[in-house]
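The following exercises ask for a stepwise reading of one chain, from its overall make-up to single residues. Each task is followed by a worked solution.

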Amino acid sequence: MRGLAYICETAHNRSMKAVIWMGSSKDDLIAFPPDARREAGYQLDRVQRGDEPEDWKPMSTVGASVREIRIRELSGAFRVIYLATRPEGVYVLHCFQKNSQKTSRQDIVLAKARFKALPAAIRR
């Protein structure tokens with residue numbers, strides 16, 4: 001029975017995409033409060049497995065196929081901007097705490113710069 005569990009687990013792990021962190025995005029996510037960090041990790045896990053996050057919106061202002069995970073916790077609103085259309089992995093472009101209704105220009109500019117830093121073939 002142990003062999004069967006190992007095979008299922010291995011096959012399952014093969015279908016999960018890697019997370020590829022751009023710039024300081026991993027450190028920025030680690031700096032989230034514990035509840036927001038846990039929720040971000042859960043939502044990224046969903047994306048890695050090919051599912052959609054529970055609360056997201058497209059971020060076409062950043063680039064084609066870029067999305068934003070929206071997290072609301074008692075400690076505030078948090079965002080994870082990512083690109084998941086590439087077979088090699090989920091590119092996390094930017095993680096930040098949102099301080100106003102509208103995403104700040106600074107956060108969009110940073111995510112856009114990281115998106116443009118991806119090789120042209122990946123951005124398609």
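Two strands pair if DSSP finds at least two bridges between them. Helices (H or I, at least four residues) and strands (E, at least two) are DSSP runs, numbered from the N terminus. This is a predicted model, in which local features need pLDDT of at least 70, side-chain atom pairs count only at pLDDT 80 or more, and totals for chains, interfaces and linings use all residues. Residues are numbered from 1 along each chain as its sequence is written, and side-chain values use heavy atoms, with hydrogens and water left out.

**Exercise 1. Describe the make-up of the chain and the confidence of the model.**

Step 1. The chain has five helices and five strands. Read from the N terminus, these elements follow the order α-β-α-α-β-β-β-β-α-α.

Step 2. Confidence is given by pLDDT, the predictor's confidence in each residue, from 0 to 100. The mean pLDDT of the chain is 88, and 85% of its residues reach 70 or more. Over residues 1-11, pLDDT stays under 50, and the model has zero contacts beyond four places in sequence for them; contact means heavy atoms within 4.5 Å.

Step 3. Of the 124 residues in the chain, 35% are buried. Buried means under 20% relative accessible area, exposed over 50%, and partly exposed in between (1.4 Å probe, protein chains only).

Step 4. Among contacts in the chain with a separation of 6 or more, 48% come from residues 24 or more positions apart.

**Exercise 2. Establish the strand order of the sheet and identify its edges.**

Step 1. The five strands form an open sheet with mixed pairing, in the order E1-E5-E4-E3-E2.

Step 2. Strand E1 (18-21) and strand E2 (56-58) each have a single partner strand, so they stand at the edges with one side left without a neighbour in the sheet. From one strand to the next, the twist averages 30°; axes are lines fitted to C-alpha atoms, for helices over the stretch in contact, and angles run from 0 to 180 degrees between N-to-C directions.

Step 3. E2 and E3 run antiparallel and are joined by three bridges. Within this pair, Pro58 has Arg67 of E3 as its bridge partner.

Step 4. Two helices can now be placed against the sheet. H3 packs on the sheet and touches E1, E3, strand E4 (76-83) and strand E5 (89-98), with its direction at about 145° to that of E3. Helix H4 (residues 105-117) also packs on the sheet, where it touches E3, E4 and E5, and its direction makes about 165° with that of E5.

**Exercise 3. Follow the chain through the two hairpins that E4 shares with its partners.**

Step 1. E3 and E4 run antiparallel through eight bridges, and the hairpin they form has two residues between the strands. In this pair, Ile71 stands opposite Phe78 in E4.

Step 2. E4 and E5 run antiparallel as well, joined by seven bridges. Five residues lie between the strands of this hairpin, and Leu83 stands opposite Tyr91 in E5.

Step 3. Why is E4 described as largely enclosed by the rest of the structure? Seven of its eight residues are buried, so the description applies to E4.

**Exercise 4. Characterise Gln43, Ile69 and Gln48 by location, burial and contacts.**

Step 1. Gln43 belongs to helix H3 (residues 34-48) and is buried, with a relative accessible area of 2%. Its side chain makes a polar contact with the side chain of Glu39 at 2.6 Å. A polar contact is a pair of N or O atoms within 3.5 Å; within protein, one must be able to donate a hydrogen and the other to accept it, and residues adjacent in sequence count only if both atoms are side-chain atoms.

Step 2. Beyond four places in sequence, Gln43 is in contact with Pro53, Glu54 and Ile69.

Step 3. Ile69 is found in strand E3 (residues 66-73) and counts as buried because its relative accessibility is 0%. Leaving aside neighbours within four places in sequence, its contacts include Gln43, Leu44, Val47, Trp56 and Phe78. Tyr82 is 13 residues from Ile69 along the chain, and their C-alpha atoms are separated by 8.0 Å.

Step 4. Gln48 also lies in helix H3 and is buried, at a relative accessible area of 14%. Outside its neighbours within four places in sequence, Gln48 is in contact with Ser15, Met16, Lys17, Ala18, Val19 and Val90.
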